[in-house]
Amino acid sequence: MASDRLDINAATVDDFEQLIGVGRGKAEAIVKHRKTVGGFQSVSDLCAVPSVGRSVLDLNRRQLCCKVTGRASRGRRLQLECSALVEQGSSRAIRAVLRNRAEPRTPKLTSSAKKCKSGSATKRISLDKQTDLENKETIKNKSKSPSVSVNDDQPSTSRDTAPNIFGQISKSFLTPGPSADIVVHGEEPVLEEEGGVESIQGEISDASDIEELDPEQEEDEGHENMSDVSDTVYSLSGQRSRIPVPISGSLTAHNLMKRKSNLHREDLLLPTSKRMCRLEYSSPQTTYSNLKAPMKKCVYQLHRQRIPSKEHPPPGLAEWLKQFQEWGNAERLMAVDELITLCEPTQVRHMMQVIEPQFQRDFISLLPKELALYVLSFLEPKDLLQAAQTCRYWRVLAEDNLLWREKCKEENIDESLVFGSNRLRRRQPSPKSPWKSLYMRQHQIEQNWRTGPLRSPKLLKGHDDHVITCLEFCGTRVVSGSDDNTLKVWSALTGKCLRTLVGHTGGVWSSQMQGNVIISGSTDRTLKVWNADTGQCMHTLYGHTSTVRCMHLYGSKVVSGSRDATLRVWNVDTGTCLHVLMGHVAAVRCVQYDGRRVVSGAYDYMVKVWDPESETCLHTLQGHTNRVYSLQFDGIHIVSGSLDTSIRVWDVETGNCLHTLIGHQSLTSGLELKDNILVSGNADSTVKVWDITTGQCLQTLQGSNKHQSAVTCLQFNKKFVITSSDDGTVKIWDLRSGDFLRNLVTLDSGGSGGVVWRVRCSNTKLVCAVGSRNGTEETKLLVLDFDVEEKKDKMPMIERV
C-alpha cells in the first residue's frame with residue numbers, strides 16, 4: 001500500500017539513510033536537492049539527484065512513493081504531461097484538445113472508467129471497441145475537434161483548470177498547422193483525490209492506431225505503477241510508457257523547455273521497449289532532411305515553417321525579379337536605393353559580403369604576361385618587393401629580369417657602377433633576376449653610405465709632410481700628386497703603394513687619369529704621360545713656358561692650361577702638340593674639353609670658347625668682375641665660378657649669359673655639374689644646389705652641422721653630396737632634401753690645422769687626401785669602404801677576373 005511506503009517529499013535524512021544502497025551522504029544530497037527544486041514530482045526524480053543512480057532507485061522502488069499535494073501540484077503534473085506529449089511528437093493531441101475547447105461539441109459517452117485496485121493511487125481509463133469505431137468515423141468525416149468522453153460518475157474537481165492550461169500552451173508553445181485528430185475519452189481530464197494526492201487520468205492515443213491494453217501486461221506493471229501516484233499510462237500501438245505530467249497554473253514555452261532535460265533523464269530509466277515507443281513518436285530534430293521526411297505513424301504529415309532558400313524561395317519572389325528585369329537602368333538604381341533604405345544593418349552587411357568579392361579580382365593574373373609586366377613597371381621597386389609576396393604568379397612577374405633592368409636603368413645602375421670597370425664573369429646562374437640582385441646590392445650600398453657602421457679606413461701614408469695637390473681615383477687605383485715632385489699609385493683594395501712616379505723637377509699641380517694612363521702637369525712647365533701598370537714615363541710634353549696649372553683629358557687628347565696664358569692640345573699616344581690656343585691675357589686657371597669644343601677660364605675675368613681644330617676663339621664670355629677659378633661644361637651649358645662670389649650660366653652656342661646665380665659670399669672654389677643639377681662649394685663654408693635651367697637654388701647645405709671653414713672639394717651623385725673642408729671633416733648630405741646625414745671623416749686635429757684637401761668617390765669607396773699647414777696632421781690618404789660584405793659561407797655570384 002502507498003500509505004506503508006516512504007514518501008520522498010516528507011522523508012528525512014534518517015529515513016533515506018535506511019534505504020538499500022543509500023548512505024548518509026546520499027541521504028543528505030537527496031534532501032538538499034528536494035529543497036532546491038521545491039519538492040519531487042515522482043519517484044523517478046531521484047535519478048536527477050547527484051550520486052543517486054538508477055540502481056538505487058530500482059532496489060527501493062517498491063518502498064517509495066511520491067505524494068504531491070495542492071493546486072500547484074496539479075498544474076505541475078499537467079505541465080510535465082504536456083511537455084512529455086510534445087517531446088513524444090504528440091503535440092497533435094494538445095492541439096486537438098485546444099480545438100475542442102474552442103469549439104465544444106456534444107461529447108459521446110462511449111466508455112466507462114475502470115479502477116485498477118482498491119487503495120491504488122492511480123486510476124485508468126481504457127477504450128472499448130465502440131469508441132474505437134466512433135473515433136475512426138470521426139476522422140473520416142474530417143472533424144475539426146476531438147471527441148472527449150469520461151465516465152459520468154467520476155468526480156471532476158478541476159474543470160476550470162485544464163482549459164486555461166491548454167489555452168496558455170496554445171499561445172506560448174504550439175505551432176499552428178494541420179494535424180491528425182487525437183481522441184481523448186471523457187468530457188474532461190478527471191482529477192481524483194485520495195489522501196491529499198491528486199492525479200490526472202486519461203489515455204491519449206493516435207486515432208489512426210488504437211489498440212486495447214494487454215491485461216497481462218497491465219497486471220505486470222500494476223505494482224510498479226502503484227509506487228508512483230503521478231505516473232500516467234499511455235497506449236500507443238500496444239506500447240506503454242510512464243511519464244509524469246504535473247499541472248501548472250501558468251504554463252509557458254520557457255517552462256516546457258526547462259523540463260526537457262529532466263524528461264530525457266526519466267526516459268533513460270524506461271525499459272528498452274518503452275524507450276523505443278517514445279523514440280518512434282518523438283518529434284524529429286529541426287533539420288532540412290527531417291523537414292522533408294514524413295513522420296512515422298501519423299495520418300497527416302507534420303508541416304513546419306521552412307527557412308527560405310533557393311529550393312524554397314518566398315512566395316512572390318519570381319514575380320518581383322521578373323518586374324525588376326523589365327525595368328531600365330534608372331528604375332533599377334532607384335529600386336536598389338529604396339531597397340537599401342528598407343534593409344536592416346545585418347542585411348546591408350550581407351550585401352557588402354556578396355558585392356565586395358566581385359570587385360576583388362586579380363586582374364594582373366588575367367592579363368597576358370607582357371601587359372602584366374607593363375602595369376607592374378609603373379610601381380616603385382619597394383612596391384614590387386611587396387607585390388612579390390602576394391602570390392606565386394605575382395612573384396614570377398615581380399622577379400622578371402627585364403622589369404628589373406628597366407628599374408636599374410631609371411636609377412643609372414649598371415654593372416660597372418656597382419662592381420667597377422673590370423670584366424665580369426658569372427660563376428653560376430643566379431636563381432633570381434640578376435638585375436634585381438644588382439638593384440638590391442646598390443640599395444644596400446646606399447644604406448651603408450647613409451646609416452651603415454663606418455669601417456676602419458685604410459691608411460695610405462706617403463709624400464712625407466708635403467701637400468697633396470691633386471688626386472685621381474679610377475677603378476681600384478688611386479693616384480696622388482704632391483709638391484714633392486712625385487706621384488704615387490696606390491691600391492684602393494689593399495692600401496699599398498704600388499709604385500712612385502718620379503721624373504718631374506718641380507711640384508705636381510695637376511693630373512688626369514684614364515684607364516692605365518696617367519698625365520701630370522708640373523711647375524717645371526712640362527706634362528708627362530705615365531703607364532700606371534709599369535710606372536714608366538712614356539712621353540714628356542714640352543711647350544709651355546710656365547707652370548701647367550690645369551688640364552682635361554678626353555680620349556687620346558689632352559688640353560692643358562698654363563700660367564703663360566696659353567692652352568695647348570696634345571696627342572697622348574704620340575706625345576705631340578696638335579694645337580696652341582692663344583687669347584687670354586692672364587694665367588689660365590681652369591679648362592674643359594668635350595672632344596669638340598674647348599672652354600677655358602682665366603685670371604683675366606674672361607671665359608673663352610675655342611674651336612681647337614681651327615685654333616680660333618668662338619666666344620669670349622664677359623660678365624665676371626674678378627678671377628675665374630672654376631669651370632664646368634656639359635656640351636650645352638657652361639658654368640663658371642669667380643672670386644666675385646657669383647656663378648654664371650652661359651649658352652655655348654650663342655655665348656649668351658642665361659643665369660647669374662647669386663647667393664655665395666666668397667670665392668667659389670669647386671663646381672660639379674650633372675644632368676642640369678649644379679653643386680657649388682664656397683669659401684664661405686656653404687654648399688648650394690642649383691637648377692641651371694631655371695637658375696633656382698634648390699638647397700643650401702648649411703645649419704648647425706655645416707662646415708666651420710672653407711669648402712675645399714666636393715663630389716655628388718643622384719642621392720648624396722660629399723663635401724670636405726679646412727675644418728678637417730668630410731660630410732655627407734642628402735641631395736634632394738638637403739638634410740645633413742653624418743660625418744664620414746673627423747680629424748682629431750680639425751680646427752687646429754688639420755685639413756682635408758681633396759676627396760674622390762666611387763660608388764662604394766671614398767678617398768680623402770689629408771694633411772695640415774702647421775704640422776699637426778701627417779700627410780696621408782684615407783680610404784673608406786661602403787661596399788656590401790660578402791658572406792663567407794656562400795660563394796659569390798659574380799667574380800672579378
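In this predicted model, strand 23 and strand 24, the latter covering residues 598–602, pair in the antiparallel sense over five bridges. Within this pairing, Q592 stands opposite V599 in strand 24. The two strands belong to an open sheet of four strands, arranged in the order 23-24-25-26 with antiparallel pairing. Strand 23 (588–593) and strand 26 (616–621) are the edge strands of this sheet, each of them pairing on one side only. Neighbouring strands of the sheet are turned against each other by 20° on average, when direction is ignored.

A further set of antiparallel pairings is centred on strand 21 (residues 566–571), which pairs over five bridges with strand 20 (residues 557–562) and, again over five bridges, with strand 22 (residues 577–582). On the side of strand 20, V558 stands opposite W570 in strand 21, while on the side of strand 22 the bridge partner of R568 is V580. Strand 20 and strand 21 form a hairpin with three residues between them, and A565 in its turn has a positive phi of about 75°. The hairpin of strand 21 and strand 22 has five residues between the strands, and here G575 takes a positive phi near 80°.

Is strand 21 enclosed or open to the surroundings? Six of its six residues are buried, so strand 21 is largely enclosed by the rest of the structure. In a regular strand the side chains alternate between the two faces of the sheet. Both faces of strand 21 are covered, since T566, R568 and W570 are buried on one side and L567, V569 and N571 are buried on the other.

A search of the whole structure finds 17 salt bridges, and three of these contacts are set out below, with the distance taken from N to O.

| Salt bridge | N to O distance |
|---|---|
| R24 and E28 | 3.5 Å |
| R477 and D533 | 2.2 Å |
| E777 and K780 | 3.1 Å |

R24 and E28 are four residues apart in helix 2 (residues 24–37), and are therefore separated by about one helical turn. R24, at 40% relative accessibility, counts as partly exposed, and so does E28, at 42%. These two residues are also linked with D14 and E17 in a network of salt bridges.

The side chains of R477 and D533 meet in a salt bridge at 2.2 Å, N to O. This pair links distant parts of the chain, 56 residues apart, with R477 in strand 12 (residues 477–482) and D533 in the loop between strand 17 (527–531) and strand 18 (537–541). R477 is partly exposed, with a relative accessible area of 23%, and D533 likewise counts as partly exposed, at 36% relative accessibility. For the salt bridge between E777 and K780, by contrast, both residues are buried.

On the surface, L317, W320, L321 and L339 form a nonpolar patch with about 340 Å² of accessible area together. Helix 14 (residues 317–326) gives the most to this patch, with three residues, and L321 has its place in that helix. L321 counts as partly exposed because its relative accessibility is 39%, which lies between the 20% limit for buried residues and the 50% limit for exposed ones.

Methods:
Residues numbered from 1 in each chain as written. Predicted model: local features only at pLDDT ≥ 70, side-chain atom pairs only at ≥ 80, totals over all residues. Heavy atoms only, no water. Pairing = 2+ DSSP bridges. Axes fitted to C-alpha atoms, helices over the stretch in contact; angles between N-to-C directions. Patch = residues over 30% accessible without salt bridge, like charges linked within 9 Å, V, L, I, M, F, W, Y side chains within 5 Å. Areas by Shrake-Rupley, 256 points an atom, 1.4 Å probe, with all protein chains shown as cover. Salt bridge = Lys/Arg side-chain N within 4 Å of Asp/Glu carboxyl O. Buried < 20%, exposed > 50% of the residue type's maximum accessible area, 1.4 Å probe, protein only.
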